[in-house]
Amino acid sequence: MVRTFYNEMYQANGECRPHYQAFARWLAETPKELLAQRRREADLLFHRAGITFTLYGDEQGTERLIPFDTIPRSIPASEWRMVERGCIQRVQALNMFLADLYHEQRIIKAGIIPAEQVLANEGYQIAMQGLNLHRDLYAHIAGVDLVRDGDGSYYVLEDNLRTPSGVSYMLEDRKMMMRLFPELFAAQRIAPINHYPNLLLETLKTSSPLDNPNVVVLTPGRFNSAYFEHAFLSREMGVELVEGADLFVRDDKVYMRTTAGAKQVDVIYRRLDDDFLDPLAFNPDSMLGVPGLLSAYRSGHVVLANAIGTGVADDKSTYPYVTEMIRFYLDEEPVLKNVPTWQCSKPADLSHVLANLGELVVKETQGSGGYGMLVGPAASKAEIEDFRARLIAKPEAYIAQPTLCLSTCPTFVETGIAPRHIDLRPFVLSGREVRLVPGGLTRVALREGSLVVNSSQGGGTKDTWVVED
Amino acid sequence: MLSRTASDLYWMSRYLERAENLARMLDVSYSLSLMPQDGRGDGLEELAMPLLITGTLEEYMARHGQLHAERILHFFALDAENPASIYNCLGAARSNAHAVRGRITAEMWENINASWLEIRGIAEQGLGRYGISRFCEWVKERSHLFRGATFGTIMRGDPYRFIRLGTFIERADNTLRLLDARYEMLGEDIDEVDGRPARSYYQWSALLRALSSFEAFAEIYRGSPGTRKVSELLLLRPEVPRSLRACMDELSLMLASLPGENGRPAQRLAAELEARLRYTSINEVLDEGLHTWLTDFILLVRKLGHAIHSSYLEVA
């Protein structure tokens with residue numbers, strides 16, 4: 001099977017796309033040694049700044065650098081406006097879905113989503129039923145993962161409504177590019193993104209009915225893989241970075257322990273999964289959470305961003321219904337397409353999947369980080385058979401999708417510059433209005449032919465430009 | 001600010017100051033061990049002194065059995081197994097900084113992180129190849145750089161105050177201990193005959209140099225150093241940045257400017273100690289017996305450390 005990939009920089013006839021021309025000229029004129037030297041400088045700077053992540057399962061907790069590629073991913077402004085519209089529409093619909101699900105459940109009554117699909121879902125939280133949230137917002141911060149197929153059209157690969165990460169890399173990548181190659185930014189108009197922490201703080205503040213709420217960032221601690229990002233965001237926003245043990249609950253109010261005594265907390269931007277938030281309500285073994293937090297939350301004395309129970313909406317088995325949600329709640333046609341998805345919980349879909357395992361991508365509905373997935377065309381016979389057994393044993397835990405021809409972008413590799421597959425995660429903020437900064441995080445699969453871009457699987461990142469066309 | 005954050009900042013600067021002080025200690029002992037020893041052995045006794053001061057001699061002996069120059073130096077400076085080594089102090093400082101990297105400036109974090117990455121490189125190549133004096137210089141330089149970055153970039157708020165508290169508690173303790181150890185070694189000034197003046201001169205000079213106070217001494221006293229003058233300089237002179245008095249002035253100032261009521265016990269003790277130093281003369285100290293006086297004060301500084309802990313770092 002011959003597959004064609006959409007190259008972000010070059011057309012099929014080898015000509016450079018218009019929005020990349022200024023960059024291509026610069027690349028051709030800049031001496032190779034200079035580029036190599038700048039790349040080494042970038043590595044050193046990232047290392048010095050400790051912009052690292054930790055791999056789970058690595059006993060020593062080694063901090064690693066996420067490889068950074070100096071060739072940017074560039075998007076023409078006109079195209080971006082479409083992507084932006086699509087992301088806003090999608091997140092609006094998802095928030096409306098969550099509000100509906102935890103109240104009247106009109107969408108179930110209308111027969112659009114089967115009740116067992118959502119109510120039996122692990123991400124569904126009974127504790128949220130009937131609870132009113134300020135502005136009806138559940139996912140204040142969302143990450144929408146996008147890829148492009150062979151013809152260049154955008155598809156949503158998945159929604160991230162729990163604790164999407166990566167925004168710090170988006171910001172640091174831009175800072176690095178501006179430091180290493182200022183001339184590029186003088187040569188063309190690239191939309192700025194540095195105000196993201198500002199927008200985030202505004203979003204968090206408007207998630208509370210109070211005028212000037214006390215906002216904190218809750219981290220699982222410095223051994224968490226995304227700790228750098230938690231510290232980064234709290235510093236940029238100028239708010240406290242707290243761990244569970246810094247907080248306590250008294251009379252259904254949340255306080256933090258400070259050098260001047262207890263101080264009340266109004267908004268918690270939590271980077272901790274639902275299960276770990278409150279040992280009294282969820283996982284009793286959690287040492288990371290705050291006993292009594294759920295009760296305080298339910299009595300309306302504190303805002304959690306994102307809300308508890310958003311996982312039901314970004315679950316991969318709910319994903320196939322999102323286009324219908326958009327039509328149902330907004331009465332609009334979806335701007336961004338969904339990837340066709342087979343739900344292995346349905347017998348007909350399952351038999352199709354089992355018959356075509358070699359060509360499909362199979363994912364766990366609850367998985368993330370690129371763990372627990374099968375990329376059919378790249379897998380060995382043994383891996384395929386292993387997945388076949390797993391699918392038969394627990395079909396409802398999996399979905400399958402056609403293997404997309406993820407678009408490629410020129411990337412520095414050992415042998416020079418070569419095309420590598422990329423995706424895009426814009427970050428969508430929902431507060432008084434729904435907004436995003438232009439671009440997002442571009443992840444790149446550095447291994448030749450690989451379609452897995454997750455940093456835990458050896459992916460790297462690129463700066464993402466939205467350029468005036 | 002968060003008590004945990006305050007605690008991490010306080011310990012970050014304590015560990016960094018400790019690393020610097022250990023380097024100073026090592027520097028003075030190493031250079032003295034290279035001097036002719038007047039038939040007093042091979043300088044090993046001198047080299048073992050940093051272990052004695054830091055209370056790690058026993059652990060060293062348990063591990064190595066006998067005094068051996070190279071092993072002492074490695075154990076003290078770079079041994080990852082010795083929790084009190086300079087290597088581990090820098091590691092602990094960096095780890096505390098990591099926990100609060102959102103509350104210190106990017107310059108501070110990058111500085112301390114770079115020090116940590118670098119000392120790991122030094123540990124790989126070994127102290128012998130890197131050079132001992134060069135290593136001590138390097139540690140001091142990294143500490144100076146960090147202090148400079150802190151001074152030049154951080155807001156003058158509570159985080160700054162807790163960083164200063166950590167530095168000066170550690171420094172006060174260190175000055176007391178170094179003076180005590182050198183005094184133990186030299187004893188009372190004896191009428192200087194037969195080469196002894198040279199020995200005492202070098203010992204006191206080395207101590208002054210280790211505490212970066214040699215120039216101050218020369219300028220204030222214009223004479224050769226002895227117990228009385230050196231003690232006065234290092235204990236009671238407010239204008240010498242590593243003197244006990246200077247440390248206590250700073251501690252009292254920082255504590256007085258912290259908000260809240262819960263810090264009263266620490267504030268009162270610091271003010272009391274500051275006042276005592278202000279109105280004590282060196283004669284009173286020597287009349288009491290220098291060693292006794294120093295030992296008492298080491299306990300008082302420790303008490304102040306405990307008061308800071310219970311007032312701010314582990315409340316609510």
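Biologist: Which strand order does the open sheet of four strands in chain A have?

Modeller: Some background to begin with: strands of a sheet pair through backbone hydrogen bonds, in either a parallel or an antiparallel fashion. Here we're looking at a predicted model, and the sheet in chain A runs β14-β17-β15-β16, with antiparallel pairing. β14 (342-343) and β16 (373-375) of chain A each have a single partner strand, so they sit at the edges, and one side of each lacks a neighbour in the sheet.

Biologist: Over how many bridges do β14(A) and β17 of chain A pair?

Modeller: Two bridges, in the antiparallel sense, with β17 of chain A spanning residues 398-402. If you want a residue to click on, take Trp342(A), whose bridge partner in β17(A) is Ala400(A).

Biologist: OK, zooming out: what radius of gyration does chain A have?

Modeller: Chain A comes in at 22 Å, and a compact globule with 469 residues would be near 23 Å, so the two agree. Within chain A, 46% of the 469 residues count as buried. The chain holds 15 helices and 23 strands, and its C-alpha atoms fill a box of roughly 65 × 60 × 45 Å along the principal axes.

Biologist: And how many residues of chain A are in contact with chain B?

Modeller: People often give the size of an interface as the accessible area lost when the parts come together. Counting contacts instead, 19 residues of chain A meet 21 residues of chain B. On the chain A side, α2 (32-49), α9 (227-237), β7 (240-242), β9 (253-258) and β10 (261-264) each supply at least two residues. By class, that side has seven nonpolar, five polar and seven charged residues.

Key: Residues numbered from 1 in each chain as written. Chains lettered and ligands numbered in written order. Predicted model: local features only at pLDDT ≥ 70, side-chain atom pairs only at ≥ 80, totals over all residues. Contact = placed C-beta atoms within 7 Å. Nonpolar A, V, L, I, M, F, W, Y, C, P; charged D, E, K, R; others polar. Pairing = 2+ DSSP bridges. Rg over C-alpha atoms; globule rule 2.2 N^0.38 Å. Buried ≥ 20, exposed ≤ 12 C-beta atoms within 10 Å, placed from the backbone.
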